[in-house]
Amino acid sequence: RRQAAFACEAAAAAIDAPNASAADGWIEAQQLAILAWQAAGELEGILRARAAYTAVVHRVPPHDCRGGSDSTGGSGVGTVPVCRSEAIGLTDFGQAWTPGLIGHETTARAKGAAAARGFATRRHRLRHDAEQLEYLLGAVGNGSLRQSGLTEAMLRATLHSHERLLDALPREEATAPRARAGESLDEWLSRRQAEAHTIGAVVLSPAQFGEIKHWHNRLAHVHDAQLPPGETVLGATSRALAEAQATYGSASPSVAVVDGLLSAAALEAALEFAMRSTVWWDSKAGYLGTYARAEGGTFSGGELAHFQLIEPTVAELRRAMPRVLCSHRLTATWMYKYDDEMQAGINIHADEAAVNLNIWLTPDEALSAADSAEGGLVVYTEKPPASWTGAQRNHGGDNEAARRRLLEESGFRNVTVPYRQNRLLGFEAD
């Protein structure tokens with residue numbers, strides 16, 4: 001904590017840097033702050049530092065933008081333009097920070113230190129990026145990528161680099177560990193959490209990372225999700241929203257479900273943002289994440305802050321369900337993509353929030369029979385003690401065992417809500 005606080009103070013001194021070289025110093029200091037908070041396991045500190053970091057990387061003077069300085073795997077067709085939007089991936093291996101596997105630092109000093117160690121990422125992250133590149137190639141013809149400066153040659157060369165890399169990596173891919181004979185529940189939970197850091201994990205050599213470094217963790221493209229004038233975000237009827245609000249107020253635990261929440265235009269915009277935008281920098285065990293953090297009521301940090309529908313959605317929900325959202329402020333937003341081959345969900349956890357809202361976007365027809373049967377969300381009725389820390393609520397194998405013991409005492413009472421596209425699930429989180 002002392003390291004993180006010191007780095008934050010040092011970074012604050014240069015926050016209004018007038019030139020790129022001064023901004024480099026601020027960025028380096030802020031990166032150290034992020035990594036220090038991460039090493040301390042302080043999620044709030046990580047989010048604050050990440051928000052400040054993202055704010056400054058997008059304020060670097062335009063003359064610092066460049067193109068063509070990085071190789072695209074020997075193709076010689078040019079590169080993705082870069083305006084110092086190469087922010088680090090904070091939690092490639094969950095909450096555990098392994099210095100020997102850090103490969104996403106962007107300063108010259110950090111790059112040199114990381115070069116001998118290699119770059120840590122996950123195979124399913126690389127596979128996702130290859131699939132996203134294929135999807136973006138299909139959009140070249142309609143001109144929607146013109147503003148990002150992406151060309152068919154750039155995308156095709158970058159896709160080929162990812163394909164070559166995936167072919168060269170080991171084929172075997174770890175999955176969530178199963179319980180061993182004679183292993184207690186607590187032992188299995190601790191081992192599962194420990195091994196989660198290795199699920200799909202690969203360490204790329206400097207040469208291998210050089211093939212994709214112009215694309216990896218870069219804001220190469222952000223889809224414009226803004227709705228046309230006059231279009232509303234919500235598509236659910238007033239009656240459906242009122243019924244959900246009434247159910248939320250009377251149920252125990254407080255849970256509300258609304259089907260068909262978003263309008264057709266808003267649903268399409270959200271889905272296209274998720275499929276096209278290169279904002280998926282957080283590689284978890286079996287899924288990817290992207291985040292936005294609110295400061296003073298507006299979103300100022302995190303890659304997901306580029307998604308224009310966050311604030312309009314909250315504003316319309318607040319008008320439609322005032323007794324659910326009350327005067328609560330939106331403080332954090334995230335979006336997750338789950339790998340369709342790994343079948344790994346999120347561990348038991350408790351978010352620090354008065355109200356937690358979830359909206360599912362993937363079309364129902366894209367789900368397999370197993371996904372349809374098992375997908376969704378389980379809301380347990382038991383709440384964590386007020387004395388628990390954020391780490392006890394969310395992180396760590398030993399903490400997960402404690403969370404499960406807490407649920408055992410209530411017989412695992414829960415409300416299970418099956419998956420459905422465009423379904424809102426809201427519940428009292430804490």
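Is Glu 272 buried or exposed, and what is its relative accessible area? In this predicted model, Glu 272 is buried, with a relative accessible area of 13%, and its side chain meets that of Arg 276 in a salt bridge with an N to O distance of 2.7 Å. Arg 276 likewise counts as buried, at 10% relative accessibility. Both residues belong to helix 10, which spans residues 264-276, and they are placed 4 residues apart, about one turn of the helix. Helix 10 also has the highest mean pLDDT among the elements of the chain, at 96.

The pair in helix 10 belongs to a structure that holds 10 salt bridges. Side chains of opposite charge can pair when their charged atoms come close. A further salt bridge joins the side chains of Asp 282 and Lys 284, with 3.8 Å from N to O; here Asp 282 is buried, with a relative accessible area of 1%, and Lys 284 is buried as well, with a value of 12%.

The salt bridge between Glu 428 and Lys 383 has its closest N and O atoms 3.1 Å apart. Glu 428 lies in strand 11 (residues 423-428), whereas Lys 383 lies in the loop between strand 9 (376-380) and helix 14 (390-394), so the pair ties together parts that are 45 residues apart in sequence. Glu 428 is partly exposed, with a relative accessible area of 32%, and Lys 383 is also partly exposed, at 35%. In addition, a network of salt bridges links Asp 259, Arg 420 and Arg 423.

Strand 11 also takes part in an open sheet of 3 strands, arranged in the order 3-11-8 with antiparallel pairing. The edge positions are held by strand 3 (255-259) and strand 8 (355-359), each of which pairs on one side only, and the twist from one strand to the next averages 15°. Between strand 3 and strand 11 the antiparallel pairing extends over 5 bridges, and Val 255 stands opposite Phe 427 of strand 11. Helix 9, comprising residues 238-250, lies across strand 3, strand 8 and strand 11, and runs at about 165° to strand 3.

A buried polar residue was examined in strand 5 (residues 287-295), where Thr 290 is found; at 0% relative accessibility, Thr 290 counts as buried. The side chain of Thr 290 reaches the backbone oxygen of Val 279 at 3.0 Å. When neighbours within four places in sequence are left aside, Thr 290 is in contact with Val 279, Trp 280, Glu 303, Leu 304, Thr 333, Trp 334 and Met 335.

Confidence varies along the chain, for which the mean pLDDT is 73, with 64% of the residues reaching 70 or more. Among the elements of the chain, helix 4 (residues 108-115) has the lowest mean pLDDT, at 41. Over residues 13-21 the pLDDT stays under 50, and the model has 15 contacts beyond four places in sequence for this stretch. The pLDDT likewise stays under 50 over residues 56-116, for which 151 contacts beyond four places in sequence are present in the model.

Note on methods:
Residues are numbered from 1 along each chain as its sequence is written. This is a predicted model: local features need pLDDT of at least 70, side-chain atom pairs count only at pLDDT 80 or more; totals for chains, interfaces and linings use all residues. Side-chain values use heavy atoms; hydrogens and water are left out. A salt bridge is a side-chain nitrogen of Lys or Arg within 4 Å of a carboxyl oxygen of Asp or Glu. Helices (H or I, at least four residues) and strands (E, at least two) are DSSP runs, numbered from the N terminus. Buried means under 20% relative accessible area, exposed over 50%, partly exposed in between (1.4 Å probe, protein chains only). pLDDT is the predictor's confidence in each residue, from 0 to 100. Contact means heavy atoms within 4.5 Å. Two strands pair if DSSP finds at least two bridges between them. Axes are lines fitted to C-alpha atoms, for helices over the stretch in contact, and angles run from 0 to 180 degrees between N-to-C directions. A polar contact is a pair of N or O atoms within 3.5 Å; within protein, one must be able to donate a hydrogen and the other to accept it, and residues adjacent in sequence count only if both atoms are side-chain atoms.
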